[in-house]
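Trainee: I'd like to learn how to read backbone angles and nonpolar cores in a model. Can we walk through one together?

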Amino acid sequence: AAGAPHARCVTLVCGAAGLLRWSAPEVIEVETAALPHPLCLDLVEEDGGAVWAGSYNGPARFSQGLVWQRWLNPGDPKHGQAQMLAPAGQDFWVAARNGLHRFAADGRRLEFRERSGGFMAVAQTFDGQLYASAGSALYVWRDTGWLRVALTDDGAVIRSLQADPDGALWVLRTETLERLERVSEGIDPGTASMRRVAVLPVRTPSMLAVTRNGRRLLAADALYELLSEGAGWRLFELARPLRPTVVLRSLFEDSDGGLWIATLGEGLWRWRNGRLQRFESAQGLPGDRYAWVAVAGQGDDAVVYAAPRVADYVDDVGLIAFPRRMAESATVPWRQLGRREGLIGAPVYNDSAPAVQVDRSGQIWIAAAEGLAILRHQPWSVWSAIERPRVTIWQAGMRVDHAAERASLRRDVPTRLEVRLPDLPDSRLTLWYRLGEGDLQVSSLPTRVEV
């Protein structure tokens, strides 16, 4: 299938190896993770340009709609891909199991710097230096290759890297936060030298973020601000979870200056003007453990996107979204974004490090264990317009219209709930429901619940 004559020509080839995308003599990409099965059988193009690919386990649709037309897989599909995502101007660097990749804002891969064993994290300082980590080792790119940074290695794994506006590099290890400054080239060939100027002990550091007004904030066992004191640094605690087992996973600053935090155990936090709000299952969200949170859009159109920690729920829950303007409500209305919106399976959770960014156009870049995805932000009016499942209530063999006859529902008779999607059912979608004041429960759709 070829593109229209007035557009850049793209050739798609369907076969046993998957879907091949051929956009230039030197660019041939194999897409398999976006298909229900790697065996691709047929292709057909819609009038609007979207392409349907028939696979052994069913069809998949590739389009320029709500979700980007494909998953970008910069690593070995058998072992997981992107581990950390960081912006560099208009481009995005992705650390993966086979090296470092640079993508343009439209999803084109611009550059690949291979390294056996891959990388875990990546950061680019303001002077253009590119750093990446693997295990407990730190590397810097010099001309045509990687140089290992000469440090007294304590063996602790590097979880994340963050560039500081003053040119230094922050390194998050298992139980410490380190500040490094560049000194000179290493004495030994193949190495570069940096100097540790600060080592701060902290439990379970996950992410360091620098806000637009220059504040340095750390997500760990609590929310900290990093303060400079003369020649040293210290951590000032801003907010702490109610339970010691809760860990803060990711930080995101929205367009209004509010700080959103994903936690493992207390849902989502919003820190704004010194006030902390918690959004948990008590406010209607599906659970209290989240991998990351991001906010896209401005004003009333801003939408909060969050990724539940899939291992704690069900493999089919990809993303949830809710309007930021409803954050003050007692109950937050949210939508599950899944296969109907183009998210296949649950590929947006990453055990290694939070990996999400929003670019200048509002696209959400997500790096996860199964690849790299680009989600196009939509106002809440678009997400909320997606039809909800139909629910039918039966009591004592009689159908009950609960919207009109809620008061007639009896508590002392067997009750059956039947849920169906408005269109073709998809077993990968899930239903979250709560009966009375009970806990939220989950079931695949279509479903029948006996109460």
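Trainee: Where does Thr204 lie?

Mentor: Keep in mind that this is a predicted model. Thr204 sits in the loop that runs between strand S18 (191–201) and strand S19 (207–210).

Trainee: What is the phi of Thr204?

Mentor: General idea to start with: most residues other than glycine have a negative phi. Here, Thr204 is not a glycine, yet its phi is positive, about 45°.

Trainee: And Asp143, what is its phi?

Mentor: Asp143 has a phi near 60°, again a positive value in a residue other than glycine. Asp143 belongs to the loop between strand S13 (137–142) and strand S14 (145–150).

Trainee: Why does Asp143 count as exposed?

Mentor: Because its relative accessibility is 72%, and exposed means over 50%. Thr204, with a relative accessible area of 24%, is partly exposed.

Trainee: Now the interior. How many residues does the largest nonpolar core have?

Mentor: When you read a core, look for buried nonpolar residues joined through side-chain atoms. In this model the largest one has 34 residues, and Trp260, Leu268, Leu285, Trp292, Tyr305, Phe322 and Leu375 have the most contacts inside it. Elements supplying at least two residues each include strand S24 (259–264), strand S29 (319–323) and helix H1 (380–385). Strand S27 gives the most to this core, seven residues.

Trainee: Which residues does Phe322 touch?

Mentor: Leaving out residues up to four places away in sequence, Phe322 touches Trp260, Leu268, Leu285, Val303, Val304, Val332, Pro333, Trp334 and Trp380.

Note on methods:
Residues numbered from 1 in each chain as written. Predicted model: local features only at pLDDT ≥ 70, side-chain atom pairs only at ≥ 80, totals over all residues. Heavy atoms only, no water. Core = buried A, V, L, I, M, F, W, Y, C linked by side-chain atoms within 4.5 Å. Buried < 20%, exposed > 50% of the residue type's maximum accessible area, 1.4 Å probe, protein only. Helix = DSSP H or I, 4+ residues; strand = E, 2+ residues; numbered from the N terminus. Contact = heavy atoms within 4.5 Å.
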